[in-house]
Amino acid sequence: MDVFKADVAIVGAGGAGLRAAIEVAESHPGLSVALISKVYPMRSHTVAAEGGAAAVTQAHDSLEEHFHDTVAGGDWLCEQDVVDYFVAHAHEEMVQIEHWGCPWSRTADGHANVRAFGGMKIERTWFAADKSGFHMLHTLFQTSIKYPSIRRFDEHFCVDLVVDDGRVRGVVAIDIASGEFRLIEAKAVIIATGGAGRVFRENTNGGIVTGDGMALAYRHGVPLRDMEFMQYHPTCMPGTGLLFTEACRGEGGFLLNKDGYRYLRDYGLGPATPTPRNKAMELGPRDRLSQAYWHEKQKGRTIDGPHGAVVHLDLRHLGEKKLRERLPQIYELAVQYLGVDPARAPIPVLPAVHYTMGGITADIRTAAPLPGLYSVGECSSVGIHGANRLGSNSLTELLVFGKVAGIEAARDAVSTPHGNPSALAALADAARARVLAAVAPRVDGERIATLRREMAQSMEDGCGIYRSAATMQATCDKLAELKQRHRRVRVDDTSNGWNTERLLAIELGYQLDVAQAIVHSALQRKESRGSHQRLDGYEQRDDVNYLQHSLAYYQGADAPRIDYGPVKITRSPPGIRAYGEAGEHYDAVAHAEEAARA
Amino acid sequence: MPDAVKSVEFDVLRYRPEQEDVPAWQRYAVPYSHDMSVLQALQHIKDELDGSLSFRWSCRMAICGSCGMMVNGKPALSCQTFVRDLLPGPIRIEALAHFPIERDLVVGVDGFVKKLEGIKPYLIPKEPRTLAQGEYLQTPEELEQIEQFSSCINCMLCYAACPQFGLNAEFTGPGVLALLHRYNADSRDGGRAQRMDVLNAEEGVWSCTAVGYCSEVCPKQVDPANAVNQNKVNSAKDYFLRFLSPKGARR
């Protein structure tokens, strides 16, 4: 097998992986970086992020406010020391990527502009029209080209971590074009492979978002943390799940039910002022908005459409000029895909799975419990999102913790020798044999798509916006059955080069493992918190028993074992999570108490 | 009468170099629905009819740039091309023109990426600035100079449209030249002189014969033809200035 020796290997070349690679190259130009991605970097799903990236910017804003919005937004399941680090380093990272050329939208005097976002008390979301992720990704990719120490392995599909003598020592990947396997030895490995949203039926994610890195770490004993917290984004395209950014509401858009009524006022988010106030109405957090949609549907106040019940995202009052300037991509999507001109008609929308809050357990240095392993971005659970992520915190996370991961992995690599080459080669050969046997061409099995569809439908049915034990258990059972059926899945393709069917079969295996972690974590969390809402007697938050991170441990063919770990509370004890008028009241009380303490 | 359509035929140019010496057409019948994209039709083929058909795709919303291909002979992103606009069929699907086919609808991208890497596609600051100094100031008007050219998603449709690239694979080509212009035109950038060699080279702007089809097929209105033509002016100026000063325009 072909072998490449790197100092640091990074799996995934989206925003997080690229930021980490640049950091290693800048801080340790003598270290070689292998940047491995199953696509070309600019195809990574960071590209689809629309709204923007949060960082305290305005004079009347403060790190304390960003901290509080994030921690309360996460329903107090955040690591508070990590959130502190995050908000403190957000702005310098926005400036850094600006210096690298990111075309942020500007104020008239030339400064970077900021917009309002859901759950954020003060406007602090930097944006590049409604293509913020696209511009960040291309800026990072193009900047990475400057550094000769970054060796890219584009279109290389990672099939295993190489773990020897208690440490991660590299990865095994398939060169997709040839089908050849390659061992990439490394002294430290960073996983930056993104989320797992495609385990659900209706989702905003690209086809590549299949939880690969999560599954790779999980199979080597690293616990996946807080996996039950899946974010439904409230405004997505029926049928495809494509995203209409929260910035639609940040710019002043309304959500209307079938009577043209701004229904969010009925769910503790009012008052319904003509322009939504921050942290109220349409600028509430995503979990609450998706839950409100569910209740409207139960009440028969949604609109029936060909792809299910919808509500209306009304942007008409913003006018065509503003829409073209601030939301050009949304405008095009609505016209091209739905035949709706958003300046003249409301856009039909419904919630779809958007973001995986949980992920590979990581400490404040992005390190996993397995020596030599780091993780960053959506695949990682470094602890800033808790039970519900605020929009525009994740693009910032890629940069802030991408840099941290680069620093930490480089430091680790400097003081670590390479592994034993023959032992690593033997492990890589075994991995290749295992993979090829698992997804060998077979014409008598069931099609990959059949299994994938059943998985995604079952996840939606059992582990959606609202959950109960019976439906979750049914999904657990379905996943166990699908794992068995997956062992005999049909693979038509007999080629080595560009055998994408084989890759789909491997991805489905990753997805089934991650899906199990999600639904078993959900079943065992007997409370409601953030995006995890139950209907079966556990409708309240239970800080006595569940102010804890769930930890899902892989158990091979069996169901995962779920354990719990502590949440780091430094200075914000769990409080009442309220938005709209009530939220303003509690915020005022909290501020008065803080002032009294100080 | 699109409602009456039950299924649509697709003729897909297959090529599996491990099995076949030359590409060959294969026909598939796909159940029709009014909101189906060409990408969704291909996914149906792969999921239900023939798992061995290979193509790239990801975002489904015309921003990742993966799914460019020839649809009825025209370069298009399959995710934002709708079957309803191509009825009654059969609809012809081929790999992007002018690129080597690796397999089926998958073309070799390395040549494009090498060109992109070769133009210093990153900000070379006019005036260095520390993080503590904050962001560079750039007015909305200055941003507008680069906004359109920075919108390129690297989908390479413009290369499949470009007759010059078809004749000479060394031609830097519309997308990369537009990206080069994006950095040169950035008010924060001072690297224009360093990028001039690419522009002036035989494979640079002067290979373009101003057909303009590149801009027509661009899914993001980048208008690479416009970028190329602006750079013909820049290249000509540079050429002229070289005669006036031994150091030319490189200062």
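Start in chain B by selecting B:Phe10 and B:Tyr28: in this predicted model, B:Tyr28 sits in β2(B) as the bridge partner of B:Phe10. Now widen the selection to the strands around that pair. Strand β1 (residues 7-14) of chain B runs antiparallel to β2(B), and 8 bridges hold the pairing.

**The sheet in chain B**

Next, bring in the rest of the sheet. Which order do the strands take? Going across, you meet β2-β1-β5-β3-β4 of chain B, an open sheet of 5 strands with mixed pairing. The edges belong to β2 (24-31) and β4 of chain B; each has a single partner strand, so one side of each has no neighbour in the sheet. Turn the view and follow the twist, which averages 35° from one strand to the next.

Keep the sheet on screen and add helix α1 (residues 38-49) of chain B. This helix lies across β1, β2 and β3 of chain B, and its direction is at about 95° to β2(B).

**A hairpin to zoom in on**

Now select β3(B) and β4(B). They run antiparallel and are joined by 4 bridges. One pair to label is B:Met69 with B:Ala76, which stands opposite in β4(B). Then go to the turn: the hairpin has 2 residues between the strands, and B:Asn72 has a positive phi near 50° there.

**Two domains of chain B**

Zoom out and colour chain B by domain. The domain assignment gives domain 1 as 2-107 and domain 2 as 110-244. Their C-alpha centres are 31 Å apart. Where they touch, 13 residues come from domain 1 of chain B and 12 residues from domain 2 of chain B.

The hairpin strands come back here: β3 (68-71) and β4 (74-77) of chain B each give at least two residues to the side of domain 1 that touches domain 2. Which element has the largest share of that side? It is β4(B), with 4 residues. By class, this side of domain 1 of chain B has 8 nonpolar, 4 polar and 1 charged.

If you colour by confidence while you are here, chain B averages a pLDDT of 92, and 95% of the residues score at least 70.

**Crossing over to chain A**

Show both chains. The contact between them takes in 46 residues of chain A and 45 residues of chain B. On the chain A side, select α3 (80-99), α4 (132-144), α9 (328-338) and α14, the elements that give two or more residues. The largest share, 5 residues, is from α3(A). Colour this side of chain A by class and you get 19 nonpolar, 18 polar and 9 charged. For the complex as a whole, the predictor gives an ipTM of 0.96 and a pTM of 0.97.

**Domains of chain A**

Hide chain B and colour chain A by domain. Domain 1 is written in pieces, 2-48 + 133-231 + 355-428, while domain 2 is 234-353 and domain 3 is 433-566. Keep domains 1 and 3 of chain A, whose C-alpha centres lie 21 Å apart. Here 34 residues of domain 1 of chain A are in contact with 33 residues of domain 3 of chain A.

On the domain 1 side, pick out β8 (156-164), α5, β12 (224-225) and β13 (230-236) of chain A, each supplying at least two residues. The largest share, 5 residues, comes from α5(A). That side of domain 1 of chain A has 17 nonpolar, 9 polar and 8 charged residues.

**Two helices that cross**

Stay with α5 (residues 212-219) of chain A and add α14 (residues 500-524) of chain A. Their axes come within 9 Å and cross at roughly 70°, which means α5(A) is roughly perpendicular to α14(A). For the side chains to show, take A:Asp212, A:Met214, A:Ala215, A:Tyr218 and A:Arg219 from α5(A), and A:Glu507, A:Tyr510, A:Asp513, A:Val514 and A:Ala517 from α14(A). The residues of this contact are 6 nonpolar, no polar and 4 charged.

**Last stop: a 3-strand sheet**

Finally, find β4-β6-β5 of chain A, an open sheet of 3 strands with antiparallel pairing. Which strands stand at the edges? They are β4 (53-54) and β5 (114-115) of chain A, each with a single partner strand, so one side of each is left without a neighbour in the sheet. Between β4(A) and β6 (residues 125-126) of chain A there are 2 bridges. To finish, label A:Ala54 and A:Thr125, which stands opposite in β6(A).

How values were computed. Residues are numbered from 1 along each chain as its sequence is written. Chains are lettered from A and ligands numbered from 1 in the order in which they are written. This is a predicted model: local features need pLDDT of at least 70, side-chain atom pairs count only at pLDDT 80 or more; totals for chains, interfaces and linings use all residues. Axes are lines fitted to C-alpha atoms, for helices over the stretch in contact, and angles run from 0 to 180 degrees between N-to-C directions. Angles under 35 degrees count as roughly parallel, over 145 as roughly antiparallel, 65 to 115 as roughly perpendicular and the rest as oblique. Two residues are in contact if their C-beta atoms, placed from the backbone, lie within 7 Å. Ala, Val, Leu, Ile, Met, Phe, Trp, Tyr, Cys and Pro count as nonpolar, Asp, Glu, Lys and Arg as charged, and the others, Gly among them, as polar. Domain bounds come from an automatic or database domain assignment. pLDDT is the predictor's confidence in each residue, from 0 to 100. Two strands pair if DSSP finds at least two bridges between them.
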